[in-house]
Amino acid sequence: MPENTTAAKAGGGIAKQARKQLESQTGKSVVSGQNYLAPEAGKAPKVTKK
C-alpha cells in the first residue's frame, strides 16, 4: 500500500494548492463552519481486504 500513500499525498497537495489559489483569487475562505459536513454518527468507513 505504499503506492496508495504516495498517491494520496500527491493528490492532497494538489487539492491544497487549488484551494489556496481559489481563496487568493476570490478573497474568501473556501472552508467555513457553514459548509462543513460532520460525519454521520455510527457510520465508519468500510475497509476491504483483497
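**Exercise 1. Work out whether glutamate 23 counts as buried or exposed, and find its charged partner.**

*Solution.* Start with the accessibility: glutamate 23 has 18% relative accessibility, so it counts as buried. The cut-off that decides this is under 20% relative accessible area. Keep in mind that this is a predicted model.

Next, look for the partner. The side chain of glutamate 23 meets that of arginine 19 in a salt bridge, at 3.2 Å from N to O. That distance can be checked against the criterion, which asks for a nitrogen within 4 Å of a carboxyl oxygen. Side chains of opposite charge can pair when their charged atoms come close.

Then turn to the partner's own surroundings. Arginine 19 has 29% relative accessibility and therefore counts as partly exposed.

Finally, place the pair in the fold. Both residues belong to helix H1 and sit 4 residues apart, about one turn of the helix. In an α-helix there are 3.6 residues a turn, so residues three or four places apart point the same way. To finish the count, the structure holds 1 salt bridge.

**Exercise 2. Describe helix H1: how many residues does it have, and how far does it reach?**

*Solution.* Take the length to begin with. H1 has 25 residues, and from its first C-alpha to its last it reaches 36 Å, close to the 36 Å expected at 1.5 Å a residue.

For a second look along the helix, pick glutamate 3, which also lies in H1. Its C-alpha is separated by 33 Å from that of glutamine 25, 22 residues further along the chain. Glutamate 3 is exposed, with a relative accessible area of 54%.

Now step past the end: just after H1, glycine 27 takes a positive phi of about 75°.

**Exercise 3. Decide whether the chain is spread out or a compact globule.**

*Solution.* List the secondary structure before anything else: the protein chain has 1 helix and 0 strands. Its radius of gyration is 16 Å, well over the 10 Å that the globule rule gives for 50 residues, so the chain is more spread out than a compact globule.

Add the dimensions: the C-alpha trace spans about 45 × 30 × 10 Å along its principal axes. Buried residues make up 2% of the 50 residues. The chain exposes about 5100 Å², with carbon and sulfur atoms supplying 59% of it.

**Exercise 4. Which residues make the nonpolar surface patch of about 230 Å²?**

*Solution.* The patch is made by Leu22, Val30 and Val31. Of these, Val31 lies in the segment after helix H1. Val31 is exposed, with a relative accessible area of 55%.

Conventions
Residues numbered from 1 in each chain as written. Predicted model: local features only at pLDDT ≥ 70, side-chain atom pairs only at ≥ 80, totals over all residues. Heavy atoms only, no water. Patch = residues over 30% accessible without salt bridge, like charges linked within 9 Å, V, L, I, M, F, W, Y side chains within 5 Å. Areas by Shrake-Rupley, 256 points an atom, 1.4 Å probe, with all protein chains shown as cover. Helix = DSSP H or I, 4+ residues; strand = E, 2+ residues; numbered from the N terminus. Buried < 20%, exposed > 50% of the residue type's maximum accessible area, 1.4 Å probe, protein only. Rg over C-alpha atoms; globule rule 2.2 N^0.38 Å. Expected span 1.5 Å × (residues − 1).
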